[in-house]
Amino acid sequence: MSRRPVSNIPAPLVALSGWLLPGLGYLLIGERKRGLIAGITIIATFLAGILIGGVRVIDVPGFDNNGQMKTVVMPDGDRAATLRVAPLQEVMNKPWYIAQLLMGPTNLIATWGSLAAATAGHKQSTARIFDIGTLYTAVAGMLNLLALIDAAHRTTHPGEIEDDDAEMIEKRNQQNEGALADAAAVTAGVNGSREPSTGGPA
Amino acid sequence: MSHLLAYTPLVTPLPLWNYWAWLLLPLCAAVSIVYKTIKCRFVREIPLQAATITLWIILSMIAVAAGIWLLYQIMVVWTA
């Protein structure tokens with residue numbers, strides 16, 4: 001076993017990567033096996049939820065059962081989207097979507113699929129199958145939140161890891177430092193060439 | 001049979017209405033795996049630890065179900 005060197009990738013970037021693709025945060029900090037295990041499990045859980053309850057378990061706030069945007073009549077007679085007029089109330093009517101949203105773009109694709117299925121006339125599943133599907137997808141999102149927080153925490157807190165992962169992190173850190181040094185040298189060169197000449201002819 | 005013919009994966013729900021309780025088992029396993037992925041210091045520890053905690057979750061759920069069933073028997077059936 002080796003001590004994991006502190007990664008030079010900022011923790012917020014690691015957290016954002018984990019949100020974009022479950023497990024990617026771990027992969028960025030060099031914990032490949034951990035990233036693959038977490039990522040595959042979380043994505044499989046989310047897909048299992050959609051497989052069990054149908055894509056319409058993604059119940060999108062601001063849209064009705066036919067996939068149409070809900071609107072309200074304003075005092076001036078115009079219609080406005082409910083999501084714009086009362087966003088908090090709309091989200092609180094479908095709170096599971098908050099947890100599902102933690103899956104990142106995976107959930108946004110599923111959201112698009114859910115609205116497309118609703119528009120095409122596919123009904124939501126009923127009773128326990130809908131509940132189980134919703135539970136799977138929401139739990140997957142919350143597990144992803146745990147994983148991305150952990151990955152961001154590990155970025156700045158060294159600990160013991162597998163030898164091959166440690167070698168990879170060291171190599172990547174050296175590459176990053178090399179690239180930074182090259183960039184600094186190029187910048188210094190450019191600045192040097194732009195320095196005004198003082199001893200030239202008038 | 002007709003619902004199987006109209007089945008579209010990921011769009012139509014799976015016809016598992018009579019087996020919904022069994023669907024909790026994979027969810028327990030998934031929660032255990034991710035939890036232990038976060039908690040375990042070494043990756044090689046994850047499989048055994050995740051299997052152990054999955055078993056504990058399932059046994060705990062069975063114990064809670066048995067307790068509720070017993071409470072129902074005492075409060076409703078036996079005192080009726």
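This report walks through the fold of chain A, its interface with chain B, the shared core and the salt bridges of a predicted model.

Since the model is predicted, local features need pLDDT of at least 70 and side-chain atom pairs count only at pLDDT 80 or more, while totals for chains, interfaces and linings use all residues. Residues are numbered from 1 along each chain as its sequence is written, chains are lettered from A and ligands numbered from 1 in the order in which they are written, and side-chain values use heavy atoms, with hydrogens and water left out.

## Chain A

Let us begin with the fold. Chain A has nine helices and four strands; here helices (H or I, at least four residues) and strands (E, at least two) are DSSP runs, numbered from the N terminus. Read from the N terminus, the order of elements is β-α-α-α-β-β-α-α-α-α-α-β-α. Of the 202 residues in chain A, 42% are buried, where buried means under 20% relative accessible area, exposed over 50%, and partly exposed in between (1.4 Å probe, protein chains only). Contacts (heavy atoms within 4.5 Å) reach far along the sequence: among those in chain A between residues at least 6 apart, 75% join residues at least 24 apart.

## Where the chains meet

On the chain B side, 25 residues are in contact with 33 residues of chain A. The area buried between the two chains is about 2,700 Å², and carbon and sulfur atoms give 72% of that area. Buried area is the accessible area (1.4 Å probe) that two parts lose on being put together, summed over both. Leu10(B), Ile38(B) and Val43(B) supply 22% of what chain B buries against chain A, more than any other three residues. Helix H2 (residues 24-39) of chain B gives the most to the side touching chain A, with nine residues. By class, that side has 21 nonpolar, two polar and two charged residues; Ala, Val, Leu, Ile, Met, Phe, Trp, Tyr, Cys and Pro count as nonpolar, Asp, Glu, Lys and Arg as charged, and the others, Gly among them, as polar.

There are zero salt bridges between chain B and chain A, but eight residue pairs are in polar contact, both at pLDDT 80 or more. A polar contact is a pair of N or O atoms within 3.5 Å; within protein, one must be able to donate a hydrogen and the other to accept it, and residues adjacent in sequence count only if both atoms are side-chain atoms.

Thr37(B) is a good residue to look at here. It lies in helix H2 of chain B and is buried, at 0% relative accessibility. Leaving out residues up to four places away in sequence, Thr37(B) touches Arg34(A), Ile37(A), Ala38(A), Arg154(A) and Ile46(B).

Leu10(B) has a positive phi of about 75° although it is not a glycine. It sits in the loop between helix H1 (2-5) and H2 of chain B and is partly exposed, at 38% relative accessible area.

## The nonpolar core

A nonpolar core is a set of buried Ala, Val, Leu, Ile, Met, Phe, Trp, Tyr and Cys residues joined through side-chain atoms within 4.5 Å. The largest has 32 residues, of which Tyr26(A), Ile42(A), Phe46(A) and Ile58(A) touch the most other members. Helix H3 (32-53), helix H7 (105-119) and helix H8 (127-156) of chain A, together with H2 of chain B, each supply at least two residues of this core. The largest share, nine residues, comes from H8(A).

## Salt bridges

With a salt bridge taken as a side-chain nitrogen of Lys or Arg within 4 Å of a carboxyl oxygen of Asp or Glu, the count comes to five over all chains. Three of them are listed here.

| Pair | N to O distance |
|---|---|
| Asp59(A) and Lys94(A) | 3.4 Å |
| Glu90(A) and Lys70(A) | 3.4 Å |
| Arg154(A) and Asp150(A) | 2.7 Å |

In the pair of Asp59(A) and Lys94(A), Asp59(A) is partly exposed, at 22%, and Lys94(A) is buried, at 14% relative accessible area. Glu90(A) is buried, at 5%, whereas Lys70(A) is partly exposed, at 27%.

Arg154(A) and Asp150(A) are four residues apart in helix H8 of chain A, so about one helical turn separates them. Both Arg154(A) and Asp150(A) are buried. Together with Glu31(A) and Arg34(A), they are linked in a network of salt bridges.
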